[in-house]
Amino acid sequence: MTTTTTQSSAASPVDSDSATAPLLQVTDLVKTFPVRKTGIITRTIGHVQAVSGLTFHLAAGETLGLVGESGCGKSTTGRAILQLHKPTSGSVRFDGKELTKLRGGPMRAVRRDLQIVFQDPYASLNPRWTVNDIVAEPIRIHGSASGVKNPQKRVNELLELVGLNPEHRNRYPHEFSGGQRQRIGIARALALEPKMVVLDEPVSALDVSVQAGVVNLLEELQERLGLAYLFIAHDLSVVRHISDRVAVMYLGKIVEMGTRDELFERPTHPYTQALLSAVPVPDPRQERGRERIVLKGDVPSPVNPPSGCRFRTRCWKAQDICATEEPALIVRESSGGTSLSACHFAGVREVF
């Protein structure tokens, strides 16, 4: 197989066909954390490379799914975009503004348009506050984006918007189910009428029976309000349902990125192929007959990642070049789409 080795406009992380600039543009984003050893003297003994040079974009009204194993840097990426973790280096441009250079009042103004829904719907809510206080807090701090003079009316509207009874606004978080608590978190995130919401594994802590309801709610809100989502998750079935495009992360880097259908039906990176091979198929006969890919070894330490391709220590395709040369995220094989893959030996696999 002959692979493409030059970058093309189709391979650019920014959609060249887009008539307008993306709402969010992340370029070479890096976030490291120091590893410290405590004793008589506390000293730094290394650094964890949580996010290593990510580049991607998100258009208005679009959903980008960010998937990968636990510890790959998904949540850190979301927090770095929001500037909850200050990036070590790189660029985060949101709605034309460079967020890494903003401080104080200018950054607070941007936070109206850039919100987050956390994974744990109970830990993210103040247990001593009523639902009314929780949802009204952003309005109290920033004011109403639409100039609503009656905050109580706005709270009632938000609760109805997420499928909760406004008459329950004086209850406390522990009086609600997990799915209802997550809806409260969504209502709080929408209080300032944002343009983009980072959804940090919003359904992973919920029972399977209520996950679909929350995902359907998010889709309805996106269509109604024109929201852009960065959907962080490890559940591939949920990501496939809600996302327009998908980026797969491994050990702090994006290894494959493309449209939902392209990535799920014709994955080219070995890691993506392994992830998808582990997803159960509803047809029992097809499930018994399909090939499963079992990865060898454990995920390497982010303190000292492998040279070259970070996936090479677990990859069945690895060769000498994989240890010496890091593969770029570009189109490696033409398959009728614009999927990007960071693999020297990428190849389409249509077995899912």
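Against which elements do the buried residues of α9 pack? In this predicted model, the partners are α7 (236–242), β9 (245–250), β10 (253–259) and α8 (260–265). Helix α9 spans residues 270–277, and eight of its eight residues are buried, so the helix is largely enclosed by the rest of the structure. The buried set comprises P270, Y271, T272, Q273, A274, L275, L276 and S277.

Y271 links this helix to the nonpolar interior. The largest nonpolar core holds 54 residues, and Y271 is listed with V135, I184, I186, L218, F231 and V248 as having the most contacts inside it. Beyond its neighbours within four places in sequence, Y271 is in contact with G68, E69, V248, M249, Y250, V255, L295 and F311. A second, separate core contains 36 residues, including L82, V92, V198 and A247. In soluble globular proteins, nonpolar side chains tend to be buried together.

Enclosed space was also examined. Three cavities of 30 Å³ or more were counted. The largest encloses about 70 Å³. P270 of α9 belongs to the lining of this cavity, together with H269, C309, F311, R312, C315, K317, A318, C322, C343, H344 and F345. The lining is made up of eight nonpolar, two polar and two charged residues. F311 thus recurs: it lines the largest cavity and is in contact with Y271.

Twelve salt bridges were found in the whole structure. One of them pairs E201 with K74, at 4.0 Å from N to O. E201 sits in the loop between β7 (196–200) and α6 (208–225), whereas K74 belongs to helix α1 (residues 74–81), so the bridge ties together parts that are 127 residues apart in sequence. Both partners, E201 and K74, are buried.

A salt bridge also joins D95 to K195, with the closest N and O atoms 2.6 Å apart. D95 lies in the loop between β4 (89–94) and β5 (97–98), and K195 in the loop between α5 (178–190) and β7, so this pair ties together parts that are 100 residues apart in sequence. D95 is partly exposed, at 32% relative accessible area. K195 is likewise partly exposed, at 34%.

R260 and D261 form a further salt bridge, at 3.5 Å from N to O. R260 is partly exposed, with a relative accessibility of 26%. D261 is partly exposed as well, at 39%. Elsewhere, R240, E262, E265 and R266 are joined into one network by salt bridges that share partners.

Methods
Residues are numbered from 1 along each chain as its sequence is written. This is a predicted model: local features need pLDDT of at least 70, side-chain atom pairs count only at pLDDT 80 or more; totals for chains, interfaces and linings use all residues. Side-chain values use heavy atoms; hydrogens and water are left out. Buried means under 20% relative accessible area, exposed over 50%, partly exposed in between (1.4 Å probe, protein chains only). Helices (H or I, at least four residues) and strands (E, at least two) are DSSP runs, numbered from the N terminus. Contact means heavy atoms within 4.5 Å. A nonpolar core is a set of buried Ala, Val, Leu, Ile, Met, Phe, Trp, Tyr and Cys residues joined through side-chain atoms within 4.5 Å. On a 1 Å grid over the protein atoms alone, a cavity is a set of points where a 1.4 Å probe fits but cannot get out, and a pocket is an open set with protein on both sides within 12 Å along at least five of seven lines; lining residues have an atom within 4 Å of a point. Grid points are joined across faces, edges and corners, and a volume is the space filled by probe spheres set on the points. Ala, Val, Leu, Ile, Met, Phe, Trp, Tyr, Cys and Pro count as nonpolar, Asp, Glu, Lys and Arg as charged, and the others, Gly among them, as polar. A salt bridge is a side-chain nitrogen of Lys or Arg within 4 Å of a carboxyl oxygen of Asp or Glu.
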